[in-house]
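Please open the model in your viewer and keep the sequence panel at hand, since each stop on this tour asks you to select something and then look at what surrounds it.

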Amino acid sequence: MSKEPNDELEDLFDIEKMSKEVKKVKRRSISKTSVIIIGIVLLILAGVLGYLYISNKVASDKARKQAENHVAFVTTINEFYKYPNTILQTSTEISDNNRKVEISEVNFKLLKDRFIPFTTATMSLDSDGIGSGYPTIEINLEEKEKDGEKYKVGINDLTTGNRLADYYHPLKKYFSMKQDLKKLSEFPKNTYLEMAISFDKAYSSLEVEKMLPNNLKPTFFWLDGYDLSIDDMPSPLNEQLYGYDNPNTNLENKFWTNPIEDEQDYIKQMKLSNFTFYSNGSISQDGTVYGSGKSVYKVLKTKSDKGEKLVIGISIVATKEELQQLANVNYIRASSVGVISNAVDAANYYEQTGEIN
């Protein structure tokens, strides 16, 4: 039965019905608006989270790249400019929401089959490579106190602990030079000594090996990469030197893996390293000049091309009984003991620690 016109008019002006319809429209509108707002919020949240993820990943990647670059830098430098008889262990950790690099470096002295902790260094870098400068390596230091002030002094006991061996250039004058080969009686028996030998002049590596007794082998060759017209050496050199390892044992071959065969090979590999080394200790990469005077490579290459010999010192690891064979030879200008493997170190450190791998 169809509605009468009057009924339709009544329906049209039915306030209660109109109110219900308005509420329905409002609910639909609110629902749509809510969905749109939620969608916008979710999009914004997804965008923020995406940005944070990408930003964090970029920062993390940059931080890891900084760590990789530093390890590669230190590894390359250590092949040419190093403490004699050392093994460098480097570890990195990414922290601070993947934005900061913590880098730890430990040098171990390898005396035959004994590993002795030698130096430690730590540094922090942000993902842009900005951070603390390379720290001063503290070696042979002992804290003391005087008049309320704390200070550090070098441990220089002939019979114990870590010491820095001193090297003396054959053409430089020194106020005094160590002659530790004459003090061998002061050292305990059957103890490994790291002995720095400074020659009276430059020799070739082949000559050095022939000069030494058959049971004494150099563990490190020190090369004369110094431009004496510029480089000043008023004090003995006792930290990092330009030279290369000469492994003699299976363990040394395992850790001293850079296959430098002789001084000529050293010059060639230094050229290929993409680093420029200066005898004042400065190092640069890709042609950026930080040093003064000629580079170590140029000095060595020039001397080699002229037929000059390059080995001005060596390191030997041996017992005092073995080293006594060198006590009176005339080609040794100075001799200095470095690290000593005494009774405290006598147990094989390599067997005791998992830090070295």
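Begin by selecting Phe 220 together with Ser 315, its bridge partner in strand S12. Bear in mind throughout that this is a predicted model. Widening the selection to the whole of S8 and S12 shows two strands that pair in the antiparallel sense over 5 bridges.

Now turn to strand S9 (residues 241-245), which pairs with strand S8 (residues 218-223), again in the antiparallel sense, over 3 bridges. Here the residues to pick are Phe 221 and Tyr 244, the latter being the bridge partner of the former in S9. While S8 is still highlighted, note that 6 of its 6 residues are buried, so the strand is mostly covered, buried here meaning under 20% relative accessible area.

Next, colour the full sheet, which is open and consists of 6 antiparallel strands in the order S1-S9-S8-S12-S7-S13. Its edges are strand S1 (81-82) and strand S13 (332-341), each of which pairs on one side only. Then add helix H5 (residues 263-272), which packs on the sheet and touches S8, S9 and strand S12 (311-319), with its direction at about 115° to that of S9.

For the interior, select Tyr 266, Phe 277, Ile 314, Ile 316, Leu 323 and Leu 326, which touch the most other members among the 50 residues of the largest nonpolar core. Strand S7 (residues 192-203) supplies the largest share of this core, with 6 residues. If you centre the view on Ile 314 and leave aside residues up to four places away in sequence, you will find that its contacts include Tyr 167, Met 195, Phe 199, Leu 212, Pro 218, Phe 220 and Phe 221. Apart from the largest core lies another one of 8 residues, with Tyr 83, Leu 111, Ile 116 and Val 317 among them.

The last stop concerns the aromatic rings, for which a search of the whole structure finds 13 pairs. Select Tyr 242 and Phe 277, whose rings form an edge-to-face pair, 6.2 Å centre to centre and with 85° between the planes. Because Tyr 242 lies in strand S9 and Phe 277 in strand S10 (residues 275-277), this pair ties together parts that are 35 residues apart in sequence. Both Tyr 242 and Phe 277 are buried. Finally, extend the selection to Phe 73, Phe 80, Tyr 81, Phe 221, Tyr 244, Tyr 266 and Phe 275, which ring pairs link with Tyr 242 and Phe 277 into a cluster.

Notes: Residues are numbered from 1 along each chain as its sequence is written. This is a predicted model: local features need pLDDT of at least 70, side-chain atom pairs count only at pLDDT 80 or more; totals for chains, interfaces and linings use all residues. Side-chain values use heavy atoms; hydrogens and water are left out. Two strands pair if DSSP finds at least two bridges between them. Helices (H or I, at least four residues) and strands (E, at least two) are DSSP runs, numbered from the N terminus. Contact means heavy atoms within 4.5 Å. Axes are lines fitted to C-alpha atoms, for helices over the stretch in contact, and angles run from 0 to 180 degrees between N-to-C directions. A nonpolar core is a set of buried Ala, Val, Leu, Ile, Met, Phe, Trp, Tyr and Cys residues joined through side-chain atoms within 4.5 Å. Buried means under 20% relative accessible area, exposed over 50%, partly exposed in between (1.4 Å probe, protein chains only). Rings of Phe, Tyr and Trp (its six-membered ring) pair if their centres lie within 6.5 Å; planes under 30 degrees apart count as stacked, over 60 as edge-to-face and the rest as tilted.
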